[in-house]
Amino acid sequence: MAKKKKGQPIHGWLIFNKPLNMSSAQAVAYIKRVFDAQKAGHGGTLDPLATGVLPIALGEATKTMGYSLDADKHYEFTVQWGSETNTDDAEGDVVKTSIGRPSKQAIEDAMQSLLGEIQQVPPAFSAIKIDGKPAYARARGGEDVAMQARPVTIYKLELVDIRSDAADFVVHASKGTYVRALGRDMGRALGCYGHITRLHRIKAGSFDISQTVTKEMLDETLENGHSPHEFLLDTKIALADIPAYMADPLELTQIKLGRTVKRIHLNPGVMKVIGPAGRLESLVQVDEDGNVKILRNFVYETDVVK
């Protein structure tokens, strides 16, 4: 007999405004408790010292997390000039210092060299695995971790404000970009060193800071005896860029059973199948001949989110 899963079969997305000093794993555990959910996962890690948009998927929405993980990200951040740390942020130990401070023109010139596709060396204190072990675990254990450069794309980098010893920026970057490394490299290019003291994610793919729900909002909702389900977004919201295909009940049954359905009016490519109830039911691949083949099915035990 299969063991019954703990919690309720809750499906949907909660766009959490992650507070300072909470890890992404802790945020997921918190949301699971709030919703008494069987299953949850996040759509893109944020460091404990970072705040902002952390998309958290519940139930069947976890099957769409890959689309959030692959998406571009937007951040606001602050770089403190004059010192570099071993973690590239304010949490680490200072390893290099300088009395030099950059001018506005020097900062803008350095920014230009970091635009477009670049080779970025991730921080040694990161979750990237080296021989199966996270780099941060090796670094904390005293190992001299040699991180390999990898390509990332900086689509936009804007200087927002400048002070004598710090500057504020906004960046739009591809997945896999470490803003901590961006601040570190900017400090090195300026010859004055630098590290991140503030990192706030304002957008992750289609998820925007305006959609976020704070811990205070959720705690207050529970304290007042109200349901947190009002904050849940539809399972299919992470697939906003994928065209939709409305299937009738008979056709939906065929698709769910894995049978090939032919619809020559559909354009080739990946499509999301929406059932009569308006829910995301499947992801399918349509070939050049109009054959509709299943990629992934979504199974709901409850109609909490429609």
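**Figure 1. A close-up of Val145 in the predicted model.** A residue counts as buried when its relative accessible area is under 20%. Keep in mind that what you are looking at is a predicted model. Val145 has a relative accessible area of 16%, so this residue is buried. You'll find Val145 in the loop between helix 4 and strand 10, the latter spanning residues 150-162. How far apart in space are Val145 and Ala124, C-alpha to C-alpha? The gap is 6.0 Å, even though 21 residues separate Val145 and Ala124 in sequence. Val145 and Ala124 turn up again in the next view, among the residues that line the second largest pocket.

**Figure 2. The second largest pocket.** This pocket holds about 190 Å³ of space. Its lining runs through Glu84, Asn86 and Asp88, then Val121, Pro122, Pro123, Ala124 and Phe125, and finishes with Val145, Met147, Arg184 and Arg188. Sorted by class, that lining comes to seven nonpolar, one polar and four charged residues.

**Figure 3. The largest pocket.** Here the space comes to about 950 Å³. Which residues lie closest to the centre of the largest pocket? They are Thr45, Leu46, Asp47, Ala127 and Tyr178, out of 35 residues in the lining. Several elements chip in with at least two lining residues each: helix 1 (24-35), helix 4 (135-140) and helix 5 (179-190), plus strand 4 and strand 12 (194-204). By class, the lining of the largest pocket splits into 15 nonpolar, 10 polar and 10 charged residues.

**Figure 4. Trp13 and Phe207, one of three aromatic pairs.** The structure has three aromatic pairs in total. Trp13 and Phe207 make a tilted one, with 5.1 Å between the ring centres and 45 degrees between the planes. This pair links distant parts of the chain, as Trp13 belongs to strand 1 (residues 12-18) while Phe207 belongs to strand 13 (residues 207-208), 194 residues apart. Are Trp13 and Phe207 buried or exposed? Both are buried.

**Figure 5. Phe77 and Phe169, another aromatic pair.** This pair is stacked, with the ring centres 5.1 Å apart and 20 degrees between the planes. Phe77 sits in strand 4 (residues 73-81) and Phe169 in strand 11 (residues 166-173), so the pair ties together parts that are 92 residues apart in sequence. Phe77 has 0% relative accessibility, so it counts as buried. Phe169, with a relative accessible area of 1%, is buried too.

**Figure 6. Strand 4 and its pairing with strands 11 and 12.** Zoom in on the backbone now. Strand 4 pairs with strand 11 in the antiparallel sense over eight bridges. Strand 4 also pairs with strand 12, again antiparallel, this time over nine bridges. Two positions help you find the register: Glu76 stands opposite Val170 in strand 11, and Trp81 stands opposite Gly194 in strand 12. As you follow the backbone, remember that side chains in a regular strand alternate between the two faces of the sheet.

**Figure 7. Two loop residues with a positive phi.** Neither Asp36 nor Tyr193 is a glycine, yet phi is positive at Asp36 and at Tyr193. For Asp36 the value is about 50 degrees. Asp36 lies in the loop between helix 1 and strand 2 (40-42), and its 40% relative accessibility makes it partly exposed. For Tyr193 the value is about 65 degrees. Where does Tyr193 lie? Its place is in the loop between helix 5 and strand 12. Tyr193 has a relative accessible area of 24%, so it counts as partly exposed.

**Figure 8. An open sheet of five strands.** The strand order is 14-16-17-18-15, and the pairing is mixed. Why is one side of strand 14 and of strand 15 left without a neighbour in the sheet? Strand 14 (244-246) and strand 15 (261-262) stand at the edges and have a single partner strand each, so one side of each stays free of a neighbour in the sheet. Within the sheet, strand 17 (residues 280-286) and strand 18 (residues 291-297) run antiparallel and are joined by five bridges. Val284 stands opposite Ile294 in strand 18.

**Figure 9. Lys63 over the ring of Phe298.** One last side-chain view. The charged end of Lys63 sits over the Phe298 ring, 5.6 Å from the ring centre.

How values were computed:
Residues are numbered from 1 along each chain as its sequence is written. This is a predicted model: local features need pLDDT of at least 70, side-chain atom pairs count only at pLDDT 80 or more; totals for chains, interfaces and linings use all residues. Side-chain values use heavy atoms; hydrogens and water are left out. Rings of Phe, Tyr and Trp (its six-membered ring) pair if their centres lie within 6.5 Å; planes under 30 degrees apart count as stacked, over 60 as edge-to-face and the rest as tilted. Helices (H or I, at least four residues) and strands (E, at least two) are DSSP runs, numbered from the N terminus. Buried means under 20% relative accessible area, exposed over 50%, partly exposed in between (1.4 Å probe, protein chains only). A charge sits over a ring if NZ of Lys or CZ of Arg is within 6 Å of the ring centre and within 35 degrees of the ring normal. On a 1 Å grid over the protein atoms alone, a cavity is a set of points where a 1.4 Å probe fits but cannot get out, and a pocket is an open set with protein on both sides within 12 Å along at least five of seven lines; lining residues have an atom within 4 Å of a point. Grid points are joined across faces, edges and corners, and a volume is the space filled by probe spheres set on the points. Ala, Val, Leu, Ile, Met, Phe, Trp, Tyr, Cys and Pro count as nonpolar, Asp, Glu, Lys and Arg as charged, and the others, Gly among them, as polar. Two strands pair if DSSP finds at least two bridges between them.
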